[in-house]
Amino acid sequence: MKLFVQADDYGMTTGVTDGIVACGRDGVLTQTGLFTNMPSTEYAVKKWKAEMPHVLLGQDLNLSTGRPVTDPKRIPSLVNEDGTFLTSRQHRVKQAEDPDHVRYEDAYLEYDNQVKRFIELVGDKPGYIGGHAFFNDVTNKALEDIIAKYGCRNAMKLIDPWDKSFVRMTGWGGPVIKADKSYDYSVNTQLAQDPIAYWNETLKEKMEAIADQDVLCVLHTHAGFLDRDLYKLSSFSAVRPMEAAFICSKELREFVDKYHVELVNYSYFD
């Protein structure tokens, strides 16, 4: 068995960064994707270099959280009047009204500048590139063109969410869908979805049944610690420290050691 362990949103906030660093230092994390447009970006790069250089550092290209790297005046279809990105919810509302609300030129320019900042700070190109939160045909085309420009691994294709050949370690999280099709993803809902409890009660038995097989298992998380800034930026809040605790847990480490699980990242596909 091979196990791929990812944490998205590295550098989103100081708390998210510190939680992911703990997963790389004390847990079984194999890769994480950096935000290069956030106030915590430089802090995140320094922490990665100092405490978890063995973790593959990729990039989460982002058009919906924080402020852009590019001058907002040059990418008007992506930003609010105050220069912040349209949130993923704002994008979806605009998308329903106008499927072409994002200009390709804007998305490409911002993606390109985010990758350039990664290279400036890290000293190398990203170990992979993926997207974040909001996607449509225009942003996907810009993303693929940027990936081709820099010759990076394409996270959107290497592990497709719909690919049944991968074993996904999941089942504890996600919004509760209500009868009126709205959803509840409040802090209390997230706290009730404990991955360690789910592992002990359900997932461990399933994983042990296939532990001696040549399969690739994927643990895809939004691990991190909580801080004030996170509540302003993401509905993924209380779930993050719970997923970080799972990645660092003795239960998961004991399973990896007992069954000689090989920890892998996107370089496995090279």
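This is a short tour of one predicted model, moving from the whole chain to its nonpolar cores.

Begin with the whole chain in a cartoon view, where 11 helices and nine strands make up the secondary structure. Turned along its principal axes, the C-alpha trace spans about 55 × 50 × 35 Å. The radius of gyration is 18 Å, which agrees with the value near 18 Å that a compact globule of 270 residues would have. If you display contacts with a separation of 6 or more, 75% of them join residues 24 or more positions apart.

Next, switch on the surface, which comes to about 13,000 Å², with 51% of that area belonging to carbon and sulfur atoms. Colouring by charge brings out 31 positive and 40 negative side chains, two sets whose centres lie 3 Å apart.

Then hide the surface and look inside, since 52% of the 270 residues count as buried. In soluble globular proteins, nonpolar side chains tend to be buried together. Select Met1, Tyr10, Leu29, Met169 and Leu219, which touch the most other members of the largest nonpolar core, a set of 45 residues. Among the elements that give two or more residues to this core are strand S1 (2-10), helix H1 (14-26) and strand S8 (216-221), while helix H8 provides the largest share, five residues.

Stay with Tyr10 and show its surroundings: beyond its neighbours within four places in sequence, Tyr10 is in contact with several residues, including Thr17, Ile20, Phe35, Trp48 and Leu57.

Finally, select Val79, Val115, Phe134 and Tyr150, which are included in a second, separate core of 19 residues.

Note on methods:
Residues are numbered from 1 along each chain as its sequence is written. This is a predicted model: local features need pLDDT of at least 70, side-chain atom pairs count only at pLDDT 80 or more; totals for chains, interfaces and linings use all residues. Side-chain values use heavy atoms; hydrogens and water are left out. Helices (H or I, at least four residues) and strands (E, at least two) are DSSP runs, numbered from the N terminus. The radius of gyration is taken over C-alpha atoms; the globule rule is 2.2 Å times the number of residues to the power 0.38. Buried means under 20% relative accessible area, exposed over 50%, partly exposed in between (1.4 Å probe, protein chains only). Contact means heavy atoms within 4.5 Å. Accessible areas come from the Shrake-Rupley method with a 1.4 Å probe; for residues, only the protein chains shown count as cover. Lys and Arg count as positive and Asp and Glu as negative; His and the chain ends are not counted. The place of a charge is taken as NZ of Lys, CZ of Arg, CG of Asp or CD of Glu. A nonpolar core is a set of buried Ala, Val, Leu, Ile, Met, Phe, Trp, Tyr and Cys residues joined through side-chain atoms within 4.5 Å.
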